[in-house]
Amino acid sequence: MVDVPERLRELVREVVSIPSAPYLEGGVRDYLRAFAIERGLAHEEDAYGNVYVSYRRGRRRTPLVLGAHMDHPGFVVEGVRRRRLRLEFRGGLSAEYGKGERLALYREGERKPHAYARITSVRRDERRRLAGAFATLEAGGSAAEGDLALWDVPACRFRGDLVQARACDDLAGCAAVLATLERVAAERRTGHLVGLFTRAEEVGLRGASVVGRERLLPEDALVVAVETSSFAGGRAVQGGGPIIRVGDALHIFSPALTQWMTALAQELSSEEGDGFSWQRRLMDGGVTEATAYDLYGYETGAACIALGNYHNAGPRGRVRAETVHLGDLEGLVRLFERMHREAPRNGRALPALLRRYDRLGREAAPLLRGS
């Protein structure tokens, strides 16, 4: 099993504890700005609020872009009448969840809740998904329109190497990207690495779609969408290492980039033996931002780690903390470090595979003719 540095635990705790919801990612954006300033990394936001944290050293090299989204499904207060709240739910979750659950209320950008409420009834959409709810404030609390109302589950705690958190999806992915940037910058490695942090993924890949449509990344970038993805139904094994994701529910990503990632994972596994495990899966339980980037013409792959209690959907219709394995996260960061180092040679994997089959074909031709 991969050894997990204490610094990764610290970074995961810092990031996944930040309250966030679609269009209300201000706390994460503030954290990213401070992270970049402290490490001397370039930081910018586009006109749509997506964040870019970049490291660049040496002559121009192929940009490696690691993209994760800053939001997680949650409620937003859309009306307050005395102690009764009307809530909009942003994200995907079955309407069997919610009733009777406790919520913690936050102002955008703040980390401590200022009030608590209990859901009394839920609203469904036409697909029987959770669309909203009504809730009652607990004594002594107050609320205002625009507040975040998030599940009252642990913001972050560790059980051995298992992370239990309110929002692993996709703040754990953001932490993996930041850990990669931090290590690459600390070692002053040559190369060009961009952490892309997008908005409003949970309500339709909004931030990623505008990045692709507006051509906001370098044309020659290698783009990797970073996610946590449900392992329900045998899609993957939690604790089995990072997952090279070949596609999602709608789309298959770049074969060349996927094959290159696979070759690098094989190299790491060969070098480290049991110290590096990895998986290669479709992960078709949902749609990822890689689909948006790939459809707009970027050379795009995807990587993820196995997520438990996807969107806080626990057993028997009860809300629970999401879970990820720290060993999987550490393996993901190691893979990204190798990708950054090898980015200028990203085109070597498919030709090497072709040479292998070319040799097999040459050897097989006389045997096949003579049989």
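**Exercise 1.** In this predicted model, find which residue of strand 11 Cys-156 stands opposite, then work outwards to the sheet and the helix packed on it.

*Solution.*
Step 1. Start at Cys-156: across from it, in strand 11, you will find Ala-165.

Step 2. Widen the view to the two strands. Strand 10 and strand 11 (residues 162-165) are joined by four bridges, and their pairing is antiparallel.

Step 3. Look at what lies against them. Helix 1 (residues 6-16) packs on the sheet and touches both strand 10 and strand 11. The direction of helix 1 makes about 145° with that of strand 10.

Step 4. Now take in the whole sheet, which is open and has three strands in the order 10-11-17, with antiparallel pairing. Strand 10 (156-159) and strand 17 (322-325) each have a single partner strand, so one side of each has no neighbour in the sheet. From one strand to the next, the twist averages 25°.

**Exercise 2.** Describe the surroundings of Asp-71, a residue in the loop between strand 3 and strand 4.

*Solution.*
Step 1. Place the loop: strand 3 spans 64-69 and strand 4 spans 74-81.

Step 2. Check for a charged partner. Asp-71 is buried but has no salt bridge. The nearest side chain of opposite charge belongs to Arg-199, 8.2 Å away, whereas a salt bridge calls for a distance within 4 Å.

Step 3. Turn to polar partners. The Asp-71 side chain makes a polar contact with the side chain of His-69 at 2.9 Å. The side chain of Asp-71 also reaches the backbone nitrogen of Glu-201, at 3.0 Å.

Step 4. Finish with the contacts beyond four places in sequence: those of Asp-71 include Ser-20, Pro-22, Asp-169, Thr-198 and Glu-202.

Definitions and conventions: Residues are numbered from 1 along each chain as its sequence is written. This is a predicted model: local features need pLDDT of at least 70, side-chain atom pairs count only at pLDDT 80 or more; totals for chains, interfaces and linings use all residues. Side-chain values use heavy atoms; hydrogens and water are left out. Buried means under 20% relative accessible area, exposed over 50%, partly exposed in between (1.4 Å probe, protein chains only). Lys and Arg count as positive and Asp and Glu as negative; His and the chain ends are not counted. A polar contact is a pair of N or O atoms within 3.5 Å; within protein, one must be able to donate a hydrogen and the other to accept it, and residues adjacent in sequence count only if both atoms are side-chain atoms. Contact means heavy atoms within 4.5 Å. Two strands pair if DSSP finds at least two bridges between them. Axes are lines fitted to C-alpha atoms, for helices over the stretch in contact, and angles run from 0 to 180 degrees between N-to-C directions.
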